[in-house]
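Work through the exercises below with the sequence and the 3D view open. Try each task before reading its solution.

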Amino acid sequence: MIMFCLPSIYKDISGEVEFMDGLLLSLPVELRDSSRINSYRNIKNLGWGISEFGYSYFSFVLDSGDHIIFPGLIIENHSKITKRFHGYKTSFTKEKIEDIAKGISDFCKKNVSQNKSDQYLLVHDLRAISSSIYNAALEADRFMNQGNLLDSSVRVKNIIASQGLLRMRINALDFSGNILSIESEENIRIFKKVDKTVRCFMPMAFNMKKNIKLEGTSYRVIRGKDVLELAFYALIENGLKYCPENHTVTVDVKDENTNTIISVSSFGPKILLDERESIFEKGVRGEIAKETGNTGSGIGLDMTKKIVEEIFNGKIVLYQDETSTIIQENEFFQTTFEVILHQNI
């Protein structure tokens with residue numbers, strides 16, 4: 001349960017009530033026994049009010065419908081306290097309390113909005129993958145009934161690829177909040193993970209009228225948690241999202257000294273110089289990228305950065321050409337995300 005700086009009565013939308021003492025201010029026992037909590041429970045009006053012994057309370061409701069009350073307040077130039085308690089004398093202005101309440105409301109509103117956005121992107125992404133699997137299954141069945149085993153086999157491979165995307169998407173959702181808590185480690189073949197991710201995206205790229213190409217190779221094995229493919233998932237998905245039709249996302253793998261370098265290159269929108277660090281933060285998109293109207297899976301560059309740098313002690317670097325290319329009357333720039341993994345076994 002979240003705690004606030006002030007003592008609070010928290011009534012959720014279902015009617016459950018809980019008292020939480022403040023992080024910065026503790027309410028005297030005499031003002032928070034069961035009988036007082038029950039009296040606060042019955043407060044329905046919003047705004048200011050006076051409770052027992054002349055102490056004030058402030059009541060407000062969050063966008064979620066949850067009701068919060070700050071009880072037992074001493075308000076400067078307003079409170080007429082009839083019973084004081086030893087050591088409890090901190091006072092506030094009404095404006096300060098209202099500012100604290102507004103800050104809590106704004107914070108909760110922002111998080112609710114972000115959660116709704118993440119949920120929308122997740123549903124959108126899962127629906128698209130599900131549709132791909134379903135349509136490929138229908139086509140496979142049709143070709144099989146016609147005795148066309150070659151085309152039927154292609155559709156089955158597409159189903160397997162789409163299921164691979166679905167599995168990675170679910171893993172990303174599972175790991176997004178607790179990647180660093182995964183304890184088990186294993187030996188990971190880097191090229192195998194890259195190749196698998198590229199193959200999973202091929203049916204999607206075909207449906208988007210775009211290409212995806214894998215170049216180079218690596219025989220390196222790296223030790224770490226089995227989440228490496230999620231970093232490549234995010235980069236390839238990002239490349240396909242912004243790449244114009246009939247163009248290619250190129251994934252290149254090479255060993256260089258003790259490093260393995262994986263680069264994902266494609267045409268994309270201009271990334272401003274002051275955005276080249278911030279786009280790796282959760283929820284941040286480039287200003288020009290926003291104008292394209294494209295939405296993604298919600299597996300952001302922040303996850304890639306966390307996996308590469310915090311789990312594998314590697315590095316991710318962004319490069320973008322200064323000269324633009326006009327494609328379909330729009331301005332694009334060759335953009336490369338380079339992942340550098342250090343040999344650790």
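The exercises go from the whole chain to single residues, and the model is a predicted one.

**Exercise 1. The whole chain**

Find how many helices and strands the chain has, and what share of its residues is buried.

Solution.
- Step 1. Count the secondary structure: the chain has 7 helices and 13 strands.
- Step 2. Turn to burial. Of the 345 residues in the chain, 44% are buried.
- Step 3. Look at the surface. The accessible surface comes to about 19,000 Å². Carbon and sulfur atoms hold 51% of that surface.
- Step 4. Check how far apart in sequence the contacts reach. Take contacts between residues at least 6 apart in sequence: 63% of them join residues at least 24 apart.

**Exercise 2. The order of a sheet**

Work out the order of the strands in the open sheet that has 5 strands, and name its edge strands.

Solution.
- Step 1. Start with strand S1, residues 8–11. S1 and strand S2 (residues 17–20) run antiparallel, joined by 4 bridges.
- Step 2. Go to the other partner of S1. Strand S5 (residues 67–73) is antiparallel to S1, with 3 bridges between them.
- Step 3. Carry on from S5. Strand S4 (residues 56–61) pairs with S5 over 5 bridges, again in the antiparallel sense.
- Step 4. Put the pieces together. The order is S2-S1-S5-S4-S3, with antiparallel pairing.
- Step 5. Name the edges. S2 and S3 (47–50) each pair on one side only.
- Step 6. Add the twist, which averages 20° from one strand to the next.

**Exercise 3. Partners across the strands**

Find which residues stand opposite Lys11, Tyr10 and Ser59.

Solution.
- Step 1. Take Lys11 towards S2: its bridge partner there is Val17.
- Step 2. Take Lys11 towards S5: the bridge partner is His67.
- Step 3. Move to Tyr10, which faces Ile68 in S5.
- Step 4. Finish with Ser59, which stands opposite Ile69 in S5.
- Step 5. Inspect the hairpins. The hairpin of S1 and S2 has 5 residues between the strands, and Gly15 has a positive phi near 105°. In the hairpin of S4 and S5, also with 5 residues between the strands, Gly65 has a positive phi near 100°.

**Exercise 4. The cover of S1 and S5**

Decide whether the two faces of S1 are covered or open, and find which helix lies across S1.

Solution.
- Step 1. Recall the rule: side chains in a regular strand alternate between the two faces of the sheet.
- Step 2. Sort the residues of S1 by side. Ser8 and Tyr10 lie on one side, Ile9 and Lys11 on the other.
- Step 3. Check burial. These residues are all buried, and both faces of S1 are covered.
- Step 4. Do the same for S5: 7 of its 7 residues are buried.
- Step 5. Find the helix. Helix H1 (residues 34–41) lies across S1, S2 and S5. H1 runs at about 55° to S1.

**Exercise 5. A pair of helices**

Describe how helices H4 and H5 pack.

Solution.
- Step 1. Choose the descriptors: the angle between the axes and the distance between the axes describe two packed helices.
- Step 2. Apply them. The axes of H4 (residues 190–207) and H5 (residues 228–242) come within 9 Å and cross at roughly 35°.
- Step 3. Add the hand: the crossing is right-handed.
- Step 4. List some contact residues. H4 brings Val194, Val198 and Phe201, among others. H5 brings residues including Phe232, Ile236 and Leu240.
- Step 5. Sort the contact residues by type: 10 are nonpolar, 1 is polar and 4 are charged.

**Exercise 6. Two charged residues**

Decide whether Arg155 and Lys225 are buried or exposed.

Solution.
- Step 1. Place Arg155 in helix H3, residues 149–175.
- Step 2. Apply the cut-off. Arg155 has a relative accessible area of 18%. Buried means under 20%, so Arg155 is buried.
- Step 3. Look for its neighbours. Leaving out residues up to four places away in sequence, Arg155 touches Ala136, Glu139, Ala140 and Phe143.
- Step 4. Place Lys225 in the loop between strand S8 (221–224) and H5.
- Step 5. Lys225 has 12% relative accessibility, so Lys225 counts as buried too.
- Step 6. Find Ser184, 41 residues from Lys225 along the chain. The C-alpha atoms of Lys225 and Ser184 are separated by 6.2 Å.

Key:
Residues numbered from 1 in each chain as written. Predicted model: local features only at pLDDT ≥ 70, side-chain atom pairs only at ≥ 80, totals over all residues. Heavy atoms only, no water. Buried < 20%, exposed > 50% of the residue type's maximum accessible area, 1.4 Å probe, protein only. Contact = heavy atoms within 4.5 Å. Axes fitted to C-alpha atoms, helices over the stretch in contact; angles between N-to-C directions. Left-handed = near helix turned anticlockwise from the far one by under 90°. Nonpolar A, V, L, I, M, F, W, Y, C, P; charged D, E, K, R; others polar. Pairing = 2+ DSSP bridges. Areas by Shrake-Rupley, 256 points an atom, 1.4 Å probe, with all protein chains shown as cover.
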